[in-house]
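Thanks for making the time this morning. I would like to walk you through one chain, starting from a single helix and working outwards, so please keep the structure open while I talk.

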Amino acid sequence: MILRCLLVSLLGLTLSAQERPLVLKAARLLDVRTGKVETPGQVWVKDGRIQPGAPPADADTVDLGDRTLLPGLIDCHTHLLIPAGLGELGYLKRTQGALVLDGVVNARKVLQAGFTTVRDVGASAGFGDVALREAIARGDVPGPRLLVAGPALSITGGHGDLNGFPPHLHTQDDHIVDSPDAARHTVREWRKRGVDLIKIHATGGVLSNHDDPAAPSFSPAEFKAIVDEANRRGMDVCAHAHGDAGILEATVAGVRSIEHGSLLSPATAKEMKARGTFLVPTLYALESILLPGNPYKVPQGSLAKARAILPLRRAGFKAALDAGVPIAYGTDIGVFEHGQVAMDFRYLVSYGMTPLQAIQSATLTAARLLRLEAEIGTLEPGRTADIIAVDGDPLKDITTLEQVRFVLREGRIVRREH
């Protein structure tokens, strides 16, 4: 009976958050724009948005105690439909329906971890990410706000071309682009299928065979055709790129963001800064590949690539930080477990960011990258009511963001720990 009453009470509070004004109180509130910590912290919402001024007297109140209120977090590089450790053979054996169901499970994990918006940058050929985005938007399944890219575009033999099988086995290759005309056609086809942006593999990768992470993939003409056509269709392009030459070519072509950027040079970082190109560094992904015992069953060739790149990543990240390149939070979850989506914060700080900069990368800067800065990324009046709370003060201990205790998504409570 007590449990039933508690469930009814929690359900009533969740429903009231969308129907009645809701006041959130906590020991602290972090203004991510200025770094100022307000004590005590308070914010109130109505109709799914943060409101100015004082709340009405009849508002419902949630007292979160010794916690800090922050904006909902944003991950700009996810793979919700790819289970961690799946590998090429596992992916080949997985049905489209199973991958979508994987995405449903992983979307909930990410939302529960405090990430209320994510950009998914590479899913299956069936455009299951589009279906997942729509299901979440309708309220059919719980999950973060989604921007999706569909299958990432690759060259023949590139990072996105499944190449771990003998030549007589062929997989669906609509995403393989080997000419400017093919590039334009594929971008148009992807837009037709409902994607929000285009993802390209601008260099080789770590988790692929017979390609070089340092080498560019597309020709300059192919890079330009992809970006120009995407922009004509109202879409941005993000580019997986480890090697400096590929980073530079993609930057000059006009991509919105560079994903990984492992071998970035100071000169290319300055070019990125001049052009307003963002970096999404995905630091923990490479670390997770090299965890003791190889828990994700990474092939030996990929382990060798990871070992070669890892010692060079700090220099690339420092080049971006020193040049003032806007750095947006991204994880590459799917390489590692989706529930560990907050792990990159500790590495961003370890690599040279202040805790505030790391938090800004997942709020202010990420919102700008996604062109959603008028809607999300701060707790300012008028913004969508995506709000989280963590124990203690994340400016003093960034790892508190790995244990989110409260999540509000568009004014609705989706997680509350007492």
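Right after helix α4 comes Gly139, and the phi of Gly139 is positive, near 85°. I should say at once that this is a predicted model, and please hear everything that follows with that in mind. The helix before that glycine, α4, spans residues 128-138, and its buried residues are Gly128, Asp129, Val130, Leu132, Arg133, Ala135 and Ile136. What covers them? The cover over the buried residues of α4 includes two stretches I would point to on the screen, helix α3 (96-112) and strand β9 (115-120), together with the strands β10 (145-148) and β16 (404-409).

Let me turn to the nonpolar core. In soluble globular proteins, nonpolar side chains tend to be buried together. Here the largest nonpolar core has 86 residues, and the members that touch the most others are Phe115, Ile198, Ile200 and Phe345. Helix α10, residues 300-323, supplies the largest share of this core, with 6 residues. There is also a second, separate core of 17 residues, and among its members are Leu24, Val43, Ala385 and Phe406.

To take one residue from the larger set, Phe115, with neighbours within four places in sequence left aside, is in contact with Leu73, Ile74, Asp75, Val110 and Pro144, and also with Tyr329, Val341, Ala342 and Phe345.

Next, the sheet. Four strands, in the order β11-β12-β13-β14, make up an open sheet with parallel pairing. Why does one side of β11 and of β14 have no neighbour in the sheet? Because β11 (198-201) and β14 (278-280) stand at the edges, where each has a single partner strand. From one strand to the next, the twist averages 25°. The partner of β11 is β12, residues 237-241, and 4 bridges join this parallel pair; within that pairing, Lys199 stands opposite Cys238 in β12.

I will finish with Thr251, a residue of helix α7, which covers residues 244-253. Is Thr251 buried or exposed? Its relative accessibility is 1%, and because buried means under 20%, Thr251 counts as buried. A polar atom of the Thr251 side chain lies 2.7 Å from the backbone oxygen of Ile247. Beyond four places in sequence, Thr251 touches Ile258, Glu271, Met272, Arg275 and Thr277, so if you select Thr251 on your own screen, those are the residues to look for around it.

How values were computed. Residues numbered from 1 in each chain as written. Predicted model: local features only at pLDDT ≥ 70, side-chain atom pairs only at ≥ 80, totals over all residues. Heavy atoms only, no water. Core = buried A, V, L, I, M, F, W, Y, C linked by side-chain atoms within 4.5 Å. Buried < 20%, exposed > 50% of the residue type's maximum accessible area, 1.4 Å probe, protein only. Contact = heavy atoms within 4.5 Å. Polar contact = N/O pair within 3.5 Å; in protein donor to acceptor, adjacent residues only side chain to side chain. Pairing = 2+ DSSP bridges. Axes fitted to C-alpha atoms, helices over the stretch in contact; angles between N-to-C directions.
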